[in-house]
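Biologist: Could you take me slowly through one part of this model, beginning with a single residue and working outwards to its surroundings? I am new to reading structures, and I would like to see how the pieces connect.

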Amino acid sequence: MLRLVLLGFSAAFSLGHNDTEPLVLEGKCLVVCDANPSADGALTSSFGISVRAGGTKVAFSALRGTNHEPSDLSNTSLTIYFDQVLVNIGNHFDLQASVFLAPRRGIYSFSFHVVKVYNRQTIQVNLMHNEYPIISAFAGDQDVTREAASNSVLLQLEQEDTLYLKLERGNLMGGWRYSTFSGFLVFPI
């Protein structure tokens with residue numbers, strides 16, 4: 001049975017429906033809300049429901065495709081540089097500096113995977129957040145020619161926070177796409 005709903009009269013919504021039930025018309029869900037735009041482009045209703053604009057998509061994935069060691073004497077910061085971007089939605093990963101700049105406050109996910117060179121060597125890599133180490137990864141098996149160090153984390157970031165990888169010790173396998181650094185916005189807050 002199809003009910004006639006007059007949007008101009010609140011009495012039409014009180015006939016058999018409460019505020020939490022959706023009104024279904026011919027298999028479609030109709031959502032009616034009282035929405036106001038906020039400063040960040042979201043629409044927030046009087047019920048506390050927030051609908052974000054499509055511009056909140058943030059994701060990047062970078063890799064090392066050529067052999068350039070971050071422990072080179074010209075790189076005194078020991079930043080691990082990446083030379084190829086696979087994904088950079090929102091353009092918040094600066095390839096030249098190999099630094100991610102958070103575009104907004106939110107919960108972000110980051111992961112990295114790096115491979116050390118040769119045996120009898122140890123590597124330690126830190127994920128740096130505004131110049132401070134947050135998490136580390138370590139690879140130090142003396143009998144393995146190639147060994148990987150990986151880690152991942154969820155972080156609450158503020159707008160304009162920076163993240164990058166720093167090689168604290170050792171040398172990385174340069175090219176062949178072994179080392180990657182990725183991140184994405186899980187949700188804004």
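Modeller: Let us begin with leucine 157, which, once residues up to four places away in sequence are set aside, touches Phe100, Ala102, Arg104, Arg105, Gly106, Tyr108, Phe110, His129 and Leu163. Please keep in mind throughout that this is a predicted model. Leucine 157 has its place in strand 13, and it counts as buried because its relative accessibility is 0%, where buried means under 20%. One of its contacts shows how the fold brings separate stretches of chain together: leucine 157 and tyrosine 108 are 49 residues apart in sequence, yet their C-alpha atoms are 7.1 Å apart in space.

The next residue along the chain takes us to a charged pair. Glutamate 158 forms a salt bridge with arginine 105, and the closest N and O atoms of the two are 3.1 Å apart. This pair links distant parts of the chain, since arginine 105 sits in the loop between strand 9 and strand 10, while glutamate 158 sits in the loop between strand 13 and strand 14, 53 residues apart. Arginine 105 is partly exposed, with a relative accessible area of 36%, and glutamate 158 is likewise partly exposed, with a relative accessible area of 36%. As a general point, side chains of opposite charge can pair when their charged atoms come close. The count of salt bridges comes to two, and the other joins the side chains of glutamate 168 and lysine 166, at 3.7 Å from N to O. Glutamate 168 counts as partly exposed at 33% relative accessibility, and lysine 166 is also partly exposed, with a relative accessible area of 21%.

Two of the residues that leucine 157 touches, Phe100 and Leu163, also lead us into a sheet. Phenylalanine 100 stands opposite leucine 163 in strand 14, and strand 9 is joined to strand 14 by two bridges, the two strands running antiparallel. They belong to an open sheet of five strands with the order 8-9-14-11-12 and antiparallel pairing. The edge strands are strand 8 (93-94) and strand 12, each of which pairs on one side only. Starting from the first of these edges, strand 8 pairs with strand 9 (residues 99-101) in the antiparallel sense over two bridges, and here aspartate 94 stands opposite valine 99 in strand 9. Further across the sheet, strand 11 and strand 14 pair in the antiparallel sense over six bridges, with leucine 127 standing opposite leucine 165 in strand 14.

From the sheet we can move to the nonpolar interior. The largest nonpolar core has 28 residues, and those with the most contacts inside it are Phe100, Phe110, Leu127 and Phe181. The elements that give two or more residues to this core are strand 6 (59-63), strand 10 (106-115), strand 11 (123-129), strand 12 (132-139), strand 13 (148-157), strand 14 (162-169) and strand 15. In soluble globular proteins, nonpolar side chains tend to be buried together. Phenylalanine 181 gives a good view of this core, for among the residues it touches, not counting those up to four places away in sequence, are Phe60, Phe82, Phe93, Phe110, Leu127, Leu163 and Leu165.

Strand 15 also has a part to play at the surface. Leu154, Phe184, Val186, Phe187 and Ile189 form a nonpolar patch there, with about 450 Å² of accessible area together, and strand 15 (residues 180-188) gives the most to this patch, with three residues. Valine 186 has its place in strand 15, and it counts as partly exposed because its relative accessibility is 39%.

Another valine offers a comparison elsewhere in the chain. Valine 87 lies in strand 7 (residues 84-89) and is partly exposed, with a relative accessible area of 34%. Leaving aside its neighbours within four places in sequence, valine 87 is in contact with Ala59, Phe60 and Ser61, and its C-alpha atom is separated by 9.8 Å from that of glycine 183, a residue 96 places away along the chain.

Finally, let us step back to the whole chain, which has zero helices and 15 strands. Of its 189 residues, 33% count as buried. Among contacts between residues at least 6 apart in sequence, 64% join residues at least 24 apart.

Methods. Residues are numbered from 1 along each chain as its sequence is written. This is a predicted model: local features need pLDDT of at least 70, side-chain atom pairs count only at pLDDT 80 or more; totals for chains, interfaces and linings use all residues. Side-chain values use heavy atoms; hydrogens and water are left out. Patches are made of residues with over 30% relative accessible area and no salt bridge: like charges are joined within 9 Å, nonpolar side chains (Val, Leu, Ile, Met, Phe, Trp, Tyr) within 5 Å. Accessible areas come from the Shrake-Rupley method with a 1.4 Å probe; for residues, only the protein chains shown count as cover. A salt bridge is a side-chain nitrogen of Lys or Arg within 4 Å of a carboxyl oxygen of Asp or Glu. Helices (H or I, at least four residues) and strands (E, at least two) are DSSP runs, numbered from the N terminus. Buried means under 20% relative accessible area, exposed over 50%, partly exposed in between (1.4 Å probe, protein chains only). A nonpolar core is a set of buried Ala, Val, Leu, Ile, Met, Phe, Trp, Tyr and Cys residues joined through side-chain atoms within 4.5 Å. Contact means heavy atoms within 4.5 Å. Two strands pair if DSSP finds at least two bridges between them.
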